[in-house]
Amino acid sequence: MTQKRVRFGIIGCGLMGREFASAIGRWCHLLAPAARPELSAICDTQPSMFEWYKSNFPSIRVATTSYRDLLASPDVDAVYCATPHNLHQEHYTAVIEAGKHLFGEKPFGIDMAANTAILDCARKHPGSFVRCSSEFPFYPAVQRIGDMLDSGAFGRIIEANNYFLHSSDMDPDKPINWKRMIEFNGEYGCMGDLGMHVCHFPFRAGWRPSSVRAILGDIVKSRPDGKGGKVPCRTWDNATLFCGAADQDTGDEFPLTLKTFRIAPGEKNTWSLEILGTRAAARFSTKNPRLLQFLDYKGGEQAWQHIDMGNETAFKTITGGIFEIGFSDMIIQMWAAYLHEMVNGKPLKRFAGCVTPAETALSHRLFTAALRSHRERAAVRVE
Ligand SMILES: NC(=O)c1ccc[n+]([C@@H]2O[C@H](COP(=O)([O-])OP(=O)(O)OC[C@H]3O[C@@H](n4cnc5c(N)ncnc54)[C@H](O)[C@@H]3O)[C@@H](O)[C@H]2O)c1
């Protein structure tokens, strides 16, 4: 069967732009994707980024330093924007207004006002399919946990914890870059960078935070400027959000703790999820990406089972079922989910869908409340 072809432009050819391009290069890995992305245009203000793309993707017709030129191209159906947070509003609204589909990066606007403007624009252009990036729920173990939630296996939720712990800023001598500058990264700091990763699964589960007590940490207060001097580093390094959450189906309330740390000793890039329920519990961490810990409680002894997950992905691939998975596999899964939903009008299943604009708005309400909570040293309602 001929696959539908979707011609993509990338605005922002850095770290994440290259991850998407590489996923396109490996698209044959998927057995029955809903569509096939083709890279037709790239845009970055640094033309030095173009060489890698051009030498690997002969399909590129436009390489430009102006995103308006990219959007004017008739060879572009959809755009992946992977630019700094201060540019999200300008770039995302321009993509949507140009009549293209949008896959945007988190936090989907530098602050709530920017996020609201992007969502208003998307509402005015319903023909544009708009989703936000977040790949960790596509790990096979997390997909299995999602299936368990769908079947009601956990019983009543007692507590849930979703953490994203980095060591990317452990070294105080690491020079500052845009992700540590408020004017480019935003006041949310580590929440803007890492927060969507810990909101995606809980929000998709239908868990709505109604209140938050946030404790934010500014641990490294200055950093080398890369020119021999030092500059203030004013972004939050670490955030712990103690949320009162309610299951939107049952109304049951429970504590939901979300952590986003840039300075987490002993961690490199650890995303973890723990759900404790009255009938079952589950744990997963990318530290041990094939391990699903599972406790099924039917009375009597409580015993944690350790299940080795293989390559049991939502979107089937050529890889044998017993083999390991990793970050770049999750990126392909996320993109397969985006194209599946674009073509079919709905996700393959609840937890195999990309973050919706409404879910990004909820994350902004939560992070905005968290900033206030920390300022006032008090629990705050999430509006
Ligand atoms: N999903 C994930 O796991 C993940 C991981 C890292 C970053 N991100 C997100 O991706 C986005 C980009 O982050 P990154 O790590 O790729 O950053 P990066 O700094 O590696 O890349 C950003 C690129 O944007 C370019 N750029 C800046 N201004 C531009 C403009 N006006 N027009 C066109 N290009 C411009 C820069 O030159 C740079 O090449 C951010 O929103 C970030 O939060 C997501």
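Q: How many bridges join strand β8 to β17, and which way do they run?
A: Two bridges join β8 (residues 207-217) to β17, and the strands run antiparallel. Within that pairing, V380 of β17 is the bridge partner of V212. Strands here are DSSP E runs of at least two residues and helices are H or I runs of at least four, numbered from the N terminus. Two strands pair if DSSP finds at least two bridges between them.

Q: What kind of model is this, and how are residues numbered?
A: This is a predicted model: local features need pLDDT of at least 70, side-chain atom pairs count only at pLDDT 80 or more, and totals for chains, interfaces and linings use all residues. Residues are numbered from 1 along each chain as its sequence is written.

Q: Where does β17 sit in its sheet, at an edge or inside?
A: The sheet is open, has nine strands and mixed pairing, and follows the order β16-β15-β14-β13-β7-β12-β11-β8-β17. β17 (380-381) is an edge strand, as is β16 (304-308); each pairs on one side only.

Q: What about R377, in the loop between α10 and β17?
A: R377 has a positive phi of about 50° although it is not a glycine. R377 counts as exposed, with 9 C-beta neighbours inside 10 Å. The cut-offs: 20 or more other C-beta atoms within 10 Å of a residue's own is buried, 12 or fewer is exposed, and in between is partly exposed, with C-beta atoms placed from the backbone.

Q: Which other residue that is not a glycine has a positive phi?
A: F108, at about 65°. F108 lies in the loop between β5 and α5 and is buried, with 29 other C-beta atoms within 10 Å.

Q: What else is in that loop, say at P107?
A: P107 lies there too, and a cis peptide bond joins K106 and P107, with omega about 5°.

Q: Switching to β4: which way do its residues point?
A: A78 and Y80 point one way from β4 (residues 78-81), V79 and C81 the other way, and all are buried.

Q: What does β4 pair with?
A: β1 (residues 4-11) pairs with β4 in the parallel sense over four bridges, and four bridges also join β4 to β5 (residues 101-104), again parallel. Y80 is the bridge partner of I10 and stands opposite F103 in β5.

Q: And how is the chain divided into domains?
A: Into domain 1 (4-132) and domain 2 (137-314 + 355-381); the bounds come from an automatic or database domain assignment. Their C-alpha centres lie 26 Å apart.

Q: How many residues are in contact between them?
A: 16 residues of domain 1 are in contact with 18 residues of domain 2, where contact puts the C-beta atoms, placed from the backbone, within 7 Å. On the domain 1 side, α5 (112-124) and β6 (130-132) each supply at least two residues, and α5 gives the most, with four.

Q: What surrounds the ligand?
A: 22 residues, the closest being G12, G14, L15, M16 and E105. A residue is near a molecule if its C-beta atom, placed from the backbone, lies within 6 Å of it.

Q: And overall, how many helices and strands does the chain have?
A: The protein chain has 10 helices and 17 strands. Of its 383 residues, 46% count as buried. Its C-alpha atoms fill a box of roughly 65 × 55 × 40 Å, taken along the principal axes.

Definitions and conventions:
Two residues are in contact if their C-beta atoms, placed from the backbone, lie within 7 Å.
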